[in-house]
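The exercises below concern a strand and a ligand site, and each is followed by a solution worked in steps. Please consult the sequence and the model while reading.

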Amino acid sequence: MSKKSPLVVANWKLNGGTDLIAASVASIRNQNFNARIGIAPPYVYISGLVNVLRNSSIMVGSQNISKFESGAFTGETSAQMLKEVGCDFCLIGHSERRQVFLENNQSCRTKVERALVAGVMPIVCIGENLQQYELGLTRDILYRQLHQTLDGLDLTGETLCIAYEPVWAIGTGKAASPEVVAEVHEFIYQELDAILGSAANEVNILYGGSVKKDNAAELLAINHVDGLLVGGASLDPEHFAQICAAANQVES
Ligand code: PGA
């Protein structure tokens, strides 16, 4: 089975600071990764991280972007601004944004459009909650999230990533089982194929939700798992470095 070069992304959420930047950079900067690595710190640390990672292949991204371009929108940060300070990618529609800040597929779609225009790669986060999972609604939810967000957009695979993050696995210490991940990632791949045609082959589909150093290799071995989105474990630089090392072992 041939795999694409994996992408491992750290999502620091509302955590971290200059100490974590220093420790994380020290633990990964001088390693030779074939895998692509990215870090998404809180907005205020993006420029500093871009500066210390200059001349390295490690990418820097944001955890969100505004759906607006500019104007009287207090507290917002546009895709264009993020591009200007050196962001390579942005998370869009993380479940915490959907739950706490009431984002929906429509706002995610607008954000994807903004990111593409600015040249910042969108990583669109999708996933069902526990109740939906238990009711067997996973495919319905993911179908709507994918199609309502992406249908009809001018996309090539390389400019897009998807992160499947079952809400019930985020921060719980209980990752989805390999069987569930395999089935859901196959489904996502098929839907991307319906939306993008052959460009679907270029899209990295990440798994997120309680990824740890001990389960990273097993998850990465699953067909159509092309990388990982890592929350809690990315706050421990040694653990994150080990997850990146696991991605390095994936044969492409
Ligand atoms: P977790 O978070 O790794 O702490 O489960 C993942 C995420 O929310 O992106």
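**Exercise 1.** Which residue in β8 is the bridge partner of V8?

*Solution.* The model is a predicted one, and the pairing is read from its strands. Strand β1, which covers residues 7–11, runs parallel to β8 and is joined to it by four bridges. Within this pairing, V8 has L228 of β8 as its bridge partner.

**Exercise 2.** Identify the strand that β7 is joined to, and then state whether the residues on the faces of β8 are buried or exposed.

*Solution.* Strand β7, residues 204–208, is joined to β8 by two bridges, and the two strands run parallel. Here L229 in β8 stands opposite G208. Turning to the faces of β8 (residues 227–230), G227 and L229 lie on one side while L228 and V230 lie on the other, and all four are buried, so that both faces are covered.

**Exercise 3.** Describe the surroundings of the ligand, beginning with the residue classes and ending with the polar contacts.

*Solution.* The shell comprises seven polar, three nonpolar and two charged residues; L229 of the strand just discussed is among the residues around the ligand, as are K13, E165 and I170. For the contacts, the cut-off is a pair of N or O atoms within 3.5 Å. An N or O atom in the side chain of N11 lies 3.4 Å from a ligand oxygen, a polar side-chain atom of H94 lies 2.7 Å from an oxygen atom of the ligand, and a polar backbone atom of S210 is likewise 2.7 Å from a ligand oxygen. Finally, of the 280 Å² that the ligand exposes when taken alone, the protein buries 96%.

Key: Residues numbered from 1 in each chain as written. Predicted model: local features only at pLDDT ≥ 70, side-chain atom pairs only at ≥ 80, totals over all residues. Heavy atoms only, no water. Near = heavy atom within 4 Å. Polar contact = N/O pair within 3.5 Å; in protein donor to acceptor, adjacent residues only side chain to side chain. Areas by Shrake-Rupley, 256 points an atom, 1.4 Å probe, with all protein chains shown as cover. Nonpolar A, V, L, I, M, F, W, Y, C, P; charged D, E, K, R; others polar. Buried < 20%, exposed > 50% of the residue type's maximum accessible area, 1.4 Å probe, protein only. Pairing = 2+ DSSP bridges.
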